[in-house]
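Hi,

Here is the structure I promised to send over. My notes on its aromatic side chains follow below.

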Amino acid sequence: MRSVKSLLAAGAASLISSMAFAADMPIAAPPPMYAPPAPPADFGGWYLRGDIGMTNQSAKSLDSALPAGYSKTTEGLGFDSSPLFDLGVGYRFNNWFRADVIGQYRGKATLHGSDTVVGPGFVGVNNYSGSKSEWVVMANAYVDLGTWWCITPFIGAGVGGSYNKISGFRDDGISYSPGLNNSVAYFADNGKWNFAWAAHAGLAYKVNPGFTVELAYSYMNLGDAAPGNFHTFDGLQSGPTTIKIKELTSHDVKLGVRWDLNSPPAYVPPPLVTKG
């Protein structure tokens with residue numbers, strides 16, 4: 001009986017000693033955990049751009065001074081299509097807003113149109129010909145509307161100036177007063193700066209992080225234009241003209257590219273987070 005009590009006492013002492021040793025051991029650290037990756041932050045950066053396209057141009061009216069009692073009706077006033085080219089530099093402020101400044105050349109577009117002048121005992125027709133070209137400097141701002149499958153629709157607007165040049169302008173006139181008379185007037189080339197504005201819309205496709213292709217439409221309002229001084233074919237008349245081509249507008253379709261000069265910052269995983 002005594003030996004049994006001794007064995008029980010020895011077992012209890014051994015158990016208490018084991019528990020005390022376990023309590024003194026350090027608690028093992030849990031395995032490391034990674035924080036979830038954060039979404040990439042918006043970034044800004046400079047970019048270069050270039051565009052080529054075609055214009056579809058028109059004019060509101062062709063005005064000129066008339067004697068009292070005379071009236072004029074214009075028919076078929078407009079321009080043929082012409083190419084356009086531009087280069088620019090811009091800055092992307094974040095993922096939805098960017099702005100740029102461009103210089104644009106709009107090639108020569110053939111002018112056509114005629115008017116009929118009616119007055120007391122007089123009927124005449126003037127047939128106009130010539131060409132028009134422009135240099136445009138414009139600041140533009142764009143809003144990117146979100147990206148789906150690497151395609152980003154955008155809208156924008158721009159303001160600036162347009163140097164509108166009229167070249168080779170000519171007026172072939174026929175009058176009946178009362179007999180048939182022909183006349184030809186030649187006009188000097190002339191250009192002038194005007195306020196210009198534009199509205200843009202299009203789609204951008206990001207080929208890679210530094211290169212984007214755009215397909216865009218622009219409505220351009222380029223102001224007015226006028227030919228220079230005139231002289232008739234026989235030299236009997238000459239001087240400044242009162243002819244003015246009012247409110248030149250154009251519907252442009254462009255294919256453009258953008259090169260980002262700053263790439264997005266590389267994603268760096270966050271440091272290990274441990275619990276202990």
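Tyr217 is found in strand 10 (strands are DSSP runs of E with at least two residues, numbered from the N terminus). At 33% relative accessibility, Tyr217 counts as partly exposed, because that class lies between buried, under 20%, and exposed, over 50% (1.4 Å probe, protein chains only).

Before you go further: this is a predicted model, in which local features need pLDDT of at least 70 and side-chain atom pairs count only at pLDDT 80 or more, while totals for chains, interfaces and linings use all residues. Residues are numbered from 1 along each chain as its sequence is written, and side-chain values use heavy atoms, leaving out hydrogens and water.

Now the rings. The whole structure holds 13 aromatic pairs, meaning Phe, Tyr or Trp rings (six-membered ring for Trp) with centres within 6.5 Å; planes under 30 degrees apart are stacked, over 60 edge-to-face, the rest tilted. Tyr70 and Phe122 form a tilted pair, with centres 5.8 Å apart and planes at 50 degrees. This pair links distant parts of the chain, 52 residues apart: Tyr70 is in the loop between strands 2 and 3, Phe122 in strand 6. Tyr70 is partly exposed at 28%, and Phe122 is partly exposed at 22%.

Tyr105 and Trp135 are also tilted, at 4.7 Å and 45 degrees. Here Tyr105 in strand 5 meets Trp135 in strand 6, 30 residues apart.

Finally, ring pairs join Trp46, Tyr91, Phe93, Trp96 and Phe97 into a cluster.

Best wishes

Terms used
Helix = DSSP H or I, 4+ residues; strand = E, 2+ residues; numbered from the N terminus.
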